[in-house]
Amino acid sequence: MLRLRLIHWNAAEAAPYLSVLKEAGHRVEYSPEFSPQLMREWRTAPPDAFVIDLSRRASHGREIAIALRQSKATRSIPLLFCEGEEEKVAKTRALLPDAAFCTFSRLKSTLRIATRSAPKVPMVPVAMMDRYAGRTTAQKLGIRSGDAVTLLDAGRDMPAALGELPEGVTFVETGGAVTLCFVTDAHELRRQISSLRSLAAQTKLWICWKKGKSAEGGVTERLVRETGIALGLVDYKICSVSEVWSGLLFAAKAAKAK
């Protein structure tokens, strides 16, 4: 019997995985939500293998797998990716060529092979933040040529602080293709995100907070993430917006991250 960790972002769709794996005699741990605490738990007591679904939020699953490879405690644990769109599977395979990939129908047989022939020297991809090195702030934020950008509760110097922008980018009060909301008060955070969450399906929604010594009002990365999740959102990218601000990119839970 193996102790497995299933990573899937939809509890209803995870049910067939749980059924098949448990019927095969394995002990399966599962939660539809991810938190940094889970990563710490895995480093302390790693499972025998990670089964990661790529049909939803493929970028989330891919980045979790890369983070697992960054840590010596979890680096050698077999990774098995299941399902997913061809393009997203190919992107994941390019970063983690020594992981196992399969369709749901071949889950049990591929799991047996993956756990018996785990790579002796696992591939360690570059961490997400390092892959962003050298890119402009606009590129990190997903601002493209001709985009309209909405800045909420930003200082007058924020447009300049974003640095060089693609041709044709404009700033608008509402309806931008990219929206950055700047928060400085923990007591107002829930109200602000609640008023913006409907935009997550229409725009790239970044919630930004002051970092390091500039931090104020009790707003932290953890608080922003947990508040967003509690309101039906999920974060899938983090970015340094300027020397003062960091941001998390949110999407609605039902949406697939690109």
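Is the crossing of α9 and α10 left-handed or right-handed? Before that is answered, note that this is a predicted model, in which local features need pLDDT of at least 70 and side-chain atom pairs count only at pLDDT 80 or more, while totals for chains, interfaces and linings use all residues. Residues are numbered from 1 along each chain as its sequence is written, and side-chain values use heavy atoms, with hydrogens and water left out.

The crossing is right-handed, a word used when the near helix is turned clockwise from the far one by less than a right angle, left-handed being the anticlockwise case. Helix α9 (residues 186-196) and helix α10 (residues 221-230) pack at about 35 degrees, their axes 10 Å apart; axes are lines fitted to C-alpha atoms, for helices over the stretch in contact, and angles run from 0 to 180 degrees between N-to-C directions. Helices (H or I, at least four residues) and strands (E, at least two) are DSSP runs, numbered from the N terminus. A186, L189, R190 and I193 of α9 meet L223, V224, T227, G228 and A230 of α10, where contact means heavy atoms within 4.5 Å.

Both helices also pack on a sheet. Six strands form this open sheet in the order β7-β6-β8-β9-β11-β10, with mixed pairing, and two strands count as paired if DSSP finds at least two bridges between them. Its edge strands, β7 (170-172) and β10 (233-240), each pair on one side only. Within the sheet, β9 (residues 204-210) and β11 (residues 245-252) are antiparallel and share six bridges, with K210 opposite W245 in β11. Helix α10 touches β9, β10 and β11, whereas α9 lies across β6 (148-152), β8 (178-183), β9 and β10.

Another open sheet has five strands, in the order β2-β1-β3-β4-β5, and its pairing is parallel. Because β2 (27-30) and β5 (100-102) stand at the edges with a single partner strand each, one side of each is left without a neighbour in the sheet. Helix α1 (residues 11-23) packs on this sheet, touching β1, β2, β3 and β4 (79-82).

Finally, consider the largest nonpolar core, a set of buried Ala, Val, Leu, Ile, Met, Phe, Trp, Tyr and Cys residues joined through side-chain atoms within 4.5 Å; buried means under 20% relative accessible area, with a 1.4 Å probe and protein chains only. Of its 20 residues, W42, F50, L79 and F81 touch the most other members. Its largest share, five residues, comes from α3.

Definitions and conventions: Buried means under 20% relative accessible area, exposed over 50%, partly exposed in between (1.4 Å probe, protein chains only).
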